[in-house]
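Me: I'd like to learn how to read the contacts between chains in a model like this one. Could you walk me through it?

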Amino acid sequence: MDRYEFEDLISDYIDNTISVSKRKEFEVYCNENPEAAELLKGVQETVESLRNLPKVKVSEGFMDKLRSRIEAEKSRLAEPQRVASTRSLFGFTPLYASLMAVLVIAFVFVGMELMQGDSQPAGLQPGFSSSTLNPTPPSLSSAQNDDALLAESEEDSLDSEESDKGRKMDLKDRIQFVKDQ
Amino acid sequence: MCPTNTPLHVSSSTVSQKMDDIPRYTDEELIARFQQGDKQAYEELVDRYKDRLVNYVFNFVKEYEMAEDLVQDTFIKLYLQKDYYKEIAKFSTWIYTIAGNLAKTELRKRKRRKVTQLSHMSRDDSEFQIPDQETNTGDAVQDRFIEKRIQAAIQKLPEHFKTVVILRDIQELSYEEISKIVEVPLGTVKSRINRARLQLQKELKDLR
């Protein structure tokens, strides 16, 4: 037996998991080598002191604290299940379902209003609106403004026609000039 | 002269028998009863393992309150996930695995936090915060010092050495059970325990 083999077998020797023949061999080596005996003694004492370390114990209120933590954990786990069960209304939560219902009702209502607006009384020409039938005359100022805007737009249109004509004349002159050359 | 070999190891079953004064049900029977809805069986399991687990986890995290919280987390997992246990493994193996995994996760979180923290308590102030139950007599102070040195030596070990040596020499579990908890072959467990013990012996040489 050499030093390496001896070191490898120390724990087996201490824990009694070594064959009888190996045990004898180990003890012979140990007796012949004081350093090896010293090492074995050191390891045995180390193991002993590890086993004699004071044992830590749980505190007094351990069980009560554990029970309350279990209760808290159980209610925490129950929470998402409750939410999941309320999501069974066509895949919507009650809040979203009611919002969707309000939107659908509003859409139907507006649609019906529009359809009523389209179906006019029989005597009226198309293009007549309720404002045309309104007996109250529009205010003067607004009528004047409308006339002024109309006049301006007419002027603009005339101006633009004249300027177009002028540009065409200019071009004709230039073409002529080129031809003349 | 080769020192005589006195058997140091007491099997975990012997310890449990001493602790519980020969229980009526085995752990496996209790978990089976709990799986069928017997809350009393759950409480009995908690009672059997609470001290052993807090002792085990404390050796990893070094803070008593944190160790107790992690053991509570372990028992909450047991309560909520009782059906995950299958009788192919021993109950003790299963519960130690859960507690060990929670402790290691906590250690990893702490490592990450330590990296980001620029200032933290000095080593002597922060380590081994066991609730002080002893009077400050000379012997108690000496014992406390030795205990601190041993704990510090354990903390210096690489994680895979630390786990097996705690399970073997502090929790006093069998090699087979340790092999199942850490999920490595029996030979590897033996070799790791041996190397861990040699390393501890080297660290604690001056205490003798």
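Reply: Happy to! Let's begin with a term: a salt bridge is a side-chain nitrogen of Lys or Arg within 4 Å of a carboxyl oxygen of Asp or Glu. Keep in mind that this is a predicted model.

Me: Which residue meets E43(B) in a salt bridge?

Reply: The general idea comes first: side chains of opposite charge can pair when their charged atoms come close. Here, E43(B) pairs with R67(A), at 3.0 Å from N to O. This pair links the two chains, with E43(B) in helix α3 (residues 39-61) of chain B and R67(A) in helix α4 of chain A.

Me: How many salt bridges are there between chain A and chain B?

Reply: The count between these chains is 7, while a search of the whole structure finds 24 over all chains. Another one joins R51(A) to D169(B), where the closest N and O atoms are 3.1 Å apart. Beyond salt bridges, 18 residue pairs are in polar contact between chain A and chain B, counting those with both residues at pLDDT 80 or more.

Me: Which element gives the most residues to the side of chain A that touches chain B?

Reply: That is α3(A), with 15 residues. The elements of chain A that give two or more residues to this side are α1 (3-14), α2 (20-32), α3 (34-51) and α4 (62-86). By type, the residues on this side divide into 20 nonpolar, 9 polar and 18 charged.

Me: And how much area is buried between chain A and chain B?

Reply: About 4400 Å², with carbon and sulfur atoms giving 59% of it. The contact draws on 47 residues from chain A and 45 residues from chain B. On the chain A side, L50(A), R51(A) and V56(A) lose the most area to chain B, together 17% of what that side buries.

Me: Now for helix packing. At what angle do α9 and α10 of chain B cross?

Reply: Angles of 65 to 115 degrees count as roughly perpendicular. The axes of α9 (residues 175-182) and α10 (residues 186-203) of chain B cross at roughly 100° and come within 9 Å, so α9(B) and α10(B) are roughly perpendicular to each other. Among the residues making this contact are Y175(B) and I178(B) of α9(B), and V189(B) and I193(B) of α10(B). The contact residues divide into 6 nonpolar, 1 polar and 3 charged.

Conventions
Residues numbered from 1 in each chain as written. Chains lettered and ligands numbered in written order. Predicted model: local features only at pLDDT ≥ 70, side-chain atom pairs only at ≥ 80, totals over all residues. Heavy atoms only, no water. Contact = heavy atoms within 4.5 Å. Buried area = accessible area lost by both parts, 1.4 Å probe. Polar contact = N/O pair within 3.5 Å; in protein donor to acceptor, adjacent residues only side chain to side chain. Helix = DSSP H or I, 4+ residues; strand = E, 2+ residues; numbered from the N terminus. Nonpolar A, V, L, I, M, F, W, Y, C, P; charged D, E, K, R; others polar. Axes fitted to C-alpha atoms, helices over the stretch in contact; angles between N-to-C directions. Parallel < 35°, antiparallel > 145°, perpendicular 65-115°, else oblique.
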